[in-house]
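These are my notebook entries from an afternoon of looking things up in one model. I kept them short, and you are welcome to follow along.

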Amino acid sequence: MSDHKPYSFFQSVERSFDKAAKFTKWEKGLLEQIKACNSIYSMRFPVKMDDGRIEVIEAYRVQHSQHKSPCKGGIRFSEEVNQDEVMALASLMTYKCAIVNVPFGGGKGGIKINPRNHSAYELEKITRRYTAELVKKNFIGPGIDVPAPDYGTGEREMAWIVDTYASLKPGEIDAAGCVTGKPVTQGGVRGRKEATGLGVFYGIREVCNMPDVMKKLGLSIGVEGKTVVVQGLGNVGYHSAKFFREAGSKVVSIAEYEGAIFNADGLNEEEVFQHRKKTGSILNFPGATNLAKSTDALELECDILIPAALENVINGDNAPRVKAKIIGEAANGPLTPEADEIFAAKGTLVVPDMYLNAGGVTVSYFEWLKNLSHVRYGRMEKRFTENMNNHILGQIEELTGKQVSGKERSFILHGPEEVDLVHSGLEETMITATREIMEIWKNNPEIPDMRTAAYVCAINKVGTSYAELGIFP
């Protein structure tokens, strides 16, 4: 299998697109337009480091589609960043937003650095200079292009971006909406941190609740009691593991780049995280067995495998040895096109990245709406709901002469906080998207896998936009 030429990440995405385009009715020219990256901004800028030397930084921002505005997509800090990768991730964002009905076009950014090699002050200077370059070329703004955190970035970097943007655009009332994933104190939204992992959980839970799908895989209905392997203990892997464990699944193995650990009785992701923080490694976790190679975890016996690290970890070489019945792509592009074909032939269900990890952009959308409305979710209705429920409960107790227990009372009376509304919106989004994709797949038996069905769903929505809006001029 390994003698064929490797695909670039962007070619992999294009190949998946072409595979799905056959099942749509759009003309060739329109499909070409949907596929193309509209704008690519590649930049170099100097930054003075702590020791006084000047380093030239390579960075990118790609806007893949403007069929809806603004564009949306993360910024990653990684030495692997290159134009091809940023283009691939930007196009995945277009399809992702379309599938989960979030009204954004796809975008993506990247800075080619290893954040571990820089002080916080250097990272701040790099981030602010990058933001200034984006402002100069009109590549950022609440109605133009809204970045978010990705691999190697987090709330801290997003706060620097919003501050830089607001400084360069004085008086812009919606400046906070120029970026998402901000700290809650700076206009961020509660529930954003765990959003991607929670979305992965909601998506797979919905698939596991479909009797016909489970019957085909020879699995029982529901996620309870199922064995799960998670690759990657970053934000997404950690929260995916957490929500599966809390729902009664057993996380039997967790892998990180230094190695992997296994425990048939299940692992607690928080304890593993603390152990790694203390010792600098995931290995030698009390009660768990070390695995020789980190990638061995991918080949363990399990019901659900969650690759939540980087792209191309499962390829034509190791796919035949993967034993999981369901693979939930929490990372971007963890499977190569060759792996897809092997799993389709084996009858393994691959739940595709471009919709499964859309929890992040969904909650980013909620954050952006919050920034534009300038009011926190739940602020207007929380007490009203509590008072109303209290009144209804009082009436019921009076009529029946019975009292509701304290625990039930607090559950019934609880008015929604921001985080409750965000989680509820995310749950609704993931369930609807899962059902929509499965419906397309069921109605067209020629579609080979769930990824192709998801692409068909995305292409049809973007195609409809172009068809209805027309093409300017």
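**Entry 1: two cis prolines.** I began with Pro70, which sits in the loop between β2 and β3. The peptide bond leading from Ser69 into Pro70 is cis, and its omega is near -5°. I then looked up Pro473, in the segment after α16 (450–469). Here the bond from Phe472 to Pro473 is cis as well, with omega near 5°.

A note on the ground rules: this is a predicted model, where local features need pLDDT of at least 70 and side-chain atom pairs count only at pLDDT 80 or more, while totals for chains, interfaces and linings use all residues. I number residues from 1 along each chain as its sequence is written, and side-chain values use heavy atoms, with hydrogens and water left out. For the element names, helices (H or I, at least four residues) and strands (E, at least two) are DSSP runs, numbered from the N terminus.

**Entry 2: strand β4 and its partners.** I moved on to β4, residues 105–111, and asked how many of its residues are buried. The count is 7 of 7; buried means under 20% relative accessible area, exposed over 50%, and partly exposed in between, with a 1.4 Å probe and protein chains only. Gly105, Gly107, Gly109 and Ile111 point to one side of β4, and Gly106, Lys108 and Gly110 to the other, all of them buried.

Next came the pairing, for which DSSP must find at least two bridges between two strands. Strand β2 (residues 54–63) runs antiparallel to β4 and is joined to it by 5 bridges, with Tyr60 opposite Gly110. Strand β3 (residues 71–77) pairs with β4 in the parallel sense, also over 5 bridges, and there Ile75 has Gly109 as its bridge partner.

I also traced the connection: β3, helix α3 (residues 83–99) and β4 form a right-handed β-α-β unit. Right-handed means that, with the strands pointing away from the viewer, the path from the first strand over the helix to the second runs clockwise.

**Entry 3: the sheet of 7 strands.** I wrote down the order of this open sheet as β9-β8-β7-β6-β10-β11-β12, with mixed pairing. Which strands stand at the edges? They are β9 (289–291) and β12 (349–351), each with a single partner strand, so one side of each has no neighbour in the sheet. At the β12 end, β11 (residues 326–328) runs parallel to β12 and is joined to it by 3 bridges. Gly328 is set opposite Val351 there.

**Entry 4: two positive phi values.** Asn284 is in the loop between α9 (269–279) and β9. Its phi is near 60°, a positive value in a residue other than glycine. Is Asn284 buried or exposed? Asn284 is exposed, at 59% relative accessible area.

His374 is found in the loop between α12 (359–373) and α13. This residue is not a glycine either, yet its phi is positive at about 60°. With a relative accessible area of 47%, His374 is partly exposed.

**Entry 5: a nonpolar patch.** I finished at the surface, where Phe384, Met388, Ile392 and Ile396 make a nonpolar patch of about 400 Å². Met388 belongs to helix α13 (residues 382–400), and its 40% relative accessibility counts as partly exposed. For such a patch, residues need over 30% relative accessible area and no salt bridge, with nonpolar side chains (Val, Leu, Ile, Met, Phe, Trp, Tyr) joined within 5 Å and like charges within 9 Å. A salt bridge is a side-chain nitrogen of Lys or Arg within 4 Å of a carboxyl oxygen of Asp or Glu.

Note on methods: Areas by Shrake-Rupley, 256 points an atom, 1.4 Å probe, with all protein chains shown as cover.
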